[in-house]
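Biologist: Could you zoom in on one part of this model for me and go through it slowly? I'd like to start from a single residue and work outwards.

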Amino acid sequence: MSKAMRIHQGAFGRVALLDMDHALIHHAHPHCHVLIKASGADTQFAVRERCHPLRDDTAVLVNSWEAHSYAHRPGAPGTVILALYIEPGWLGAMQREFTASGTPGFFAQPCGELTPHIRRLADRMTAELLYGDPSAERMEQALIDLMLAIVDRFSDWRSLRGSALSSVTAPADFRIRQAIRFMSGNLGEEFDAARVAAAAGLSRAHMFRLFQRALSITPAMYFNVLRMEAAIGAMAAGRESATAISGRLGFAAPSHFSRFFRNHQGVTPTEYRRVVMYHGPATAGA
């Protein structure tokens with residue numbers, strides 16, 4: 001079974017070291033998402049309808065809201081993965097144009113070859129997670145150095161200046177924003193496409209087309225992302241039991257919540273809470 005070795009969560013987003021031997025369903029994140037192999041067997045992720053290799057010398061690069069899945073082969077050995085879920089606003093605080101990490105085209109390609117420099121920085125990040133002082137500034141500095149190198153190597157952020165920055169915080173179409181507001185306010189209910197469409201003043205078919213055009217994912221997947229991010233934030237904060245969170249987010253039983261969490265994150269909610277180091281309120285969400 002997959003397990004979480006270390007997770008840090010805060011204003012930067014999340015940084016996780018995951019020992020993965022179990023597939024993940026098609027899902028998305030509101031983050032700039034980078035996957036680097038730390039140790040173990042070579043593996044692969046499916047992004048943009050193709051499988052891309054995760055090896056010692058490659059990274060898998062997933063744009064904000066881009067659907068992807070972990071294509072682990074049944075019976076294959078496990079892989080320890082350094083998974084970065086980085087908040088566009090945190091990157092933008094370093095350089096304004098990096099806020100474009102919240103746009104679909106930030107990473108032009110879903111897989112790229114690591115330079116020796118990035119490989120060393122990734123190994124340093126892994127070592128900080130495993131052996132460093134969890135409250136030390138050194139961990140965040142290691143993350144800053146790694147992300148700056150990744151952005152410089154793999155992103156077309158310079159070509160995304162100007163107009164792209166205006167679309168980072170929300171889709172331009174007000175009807176999609178209405179649909180998102182409705183979903184955000186109804187996370188404790190089952191997803192109902194007809195109700196969401198009605199709240200946005202759209203037919204179901206038109207809403208689906210607009211969502212695909214704006215975010216390249218379905219409304220149902222977007223709703224699952226909102227639910228998952230709410231669950232992650234609540235589990236990290238530690239103020240509610242998993243059962244209470246499950247009920248508040250509309251799951252019929254805690255076992256359904258646990259399965260949903262594991263299928264998206266790779267580990268159960270209780271395992272996530274056991275290993276997470278929470279650095280105050282995260283800014284995750286839509």
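Modeller: Sure. A word on labels before we start: strands here are DSSP runs of E at least two residues long, and helices are runs of H or I at least four residues long, both numbered from the N terminus. Also keep in mind that this is a predicted model.

Let's start with Thr43, which sits in strand β5, residues 43–47. Is Thr43 buried or exposed? Its relative accessible area is 9%, so Thr43 is buried, given that the cut-off for buried is under 20%. What does Thr43 touch, once residues up to four places away in sequence are set aside? The list is His52, Pro53, Leu54, Tyr70, His72 and Thr79. With Tyr70 there's also a polar contact, side chain to side chain, at 3.1 Å.

Moving on along the chain, Glu49 is in the loop between β5 and β6. Its relative accessibility is 84%, so Glu49 counts as exposed. The backbone is worth a look too: Glu49 isn't a glycine, yet its phi is positive, about 65°. As background, most residues other than glycine have a negative phi.

The next stop is Asp56, in the loop between β6 (50–54) and β7 (58–62). Asp56 comes out as partly exposed, because its relative accessibility is 45% and that class lies between the 20% and 50% cut-offs. Leaving aside neighbours within four places in sequence, Asp56 is in contact with Lys37, Asp42, Leu114 and Arg119. The side chains of Asp56 and Lys37 make a polar contact at 3.2 Å. As for Leu130, it is 74 residues from Asp56 along the chain, and 18 Å separate their C-alpha atoms.

Another threonine to compare is Thr103, in the loop between α1 (88–94) and β10 (111–113). Thr103 has 5% relative accessibility, so it counts as buried. A polar atom of the Thr103 side chain lies 2.5 Å from the backbone oxygen of Ala100.

Now let's zoom out. The domain assignment gives domain 1 as 3–162 and domain 2 as 174–278. Their centres, taken over C-alpha atoms, are 22 Å apart, and the contact takes 22 residues from domain 1 and 22 from domain 2.

Ala172 is in the loop between α3 (137–154) and α4 (174–184). At 69% relative accessibility, Ala172 counts as exposed. Ala172 and Ala214 are 42 residues apart in sequence, with 8.0 Å from C-alpha to C-alpha.

Ser216 lies in the loop between α6 (204–215) and α7. Ser216 has a positive phi of about 65°, although it is not a glycine. With a relative accessible area of 52%, Ser216 is exposed.

That brings us to α7 itself. Helix α7 (residues 219–237) packs against helix α9 (residues 254–265) at about 100°, with the axes 11 Å apart. That makes α7 roughly perpendicular to α9, because the class runs from 65 to 115 degrees. From α7 the contact uses Asn224, Arg227, Met228, Ala231, Ile232 and Met235, and from α9 it uses Phe257, Phe260, Phe261, His264 and Gln265. These contact residues divide into 7 nonpolar, 3 polar and 1 charged.

Key: Residues are numbered from 1 along each chain as its sequence is written. This is a predicted model: local features need pLDDT of at least 70, side-chain atom pairs count only at pLDDT 80 or more; totals for chains, interfaces and linings use all residues. Side-chain values use heavy atoms; hydrogens and water are left out. Axes are lines fitted to C-alpha atoms, for helices over the stretch in contact, and angles run from 0 to 180 degrees between N-to-C directions. Angles under 35 degrees count as roughly parallel, over 145 as roughly antiparallel, 65 to 115 as roughly perpendicular and the rest as oblique. Contact means heavy atoms within 4.5 Å. Ala, Val, Leu, Ile, Met, Phe, Trp, Tyr, Cys and Pro count as nonpolar, Asp, Glu, Lys and Arg as charged, and the others, Gly among them, as polar. Buried means under 20% relative accessible area, exposed over 50%, partly exposed in between (1.4 Å probe, protein chains only). A polar contact is a pair of N or O atoms within 3.5 Å; within protein, one must be able to donate a hydrogen and the other to accept it, and residues adjacent in sequence count only if both atoms are side-chain atoms. Domain bounds come from an automatic or database domain assignment.
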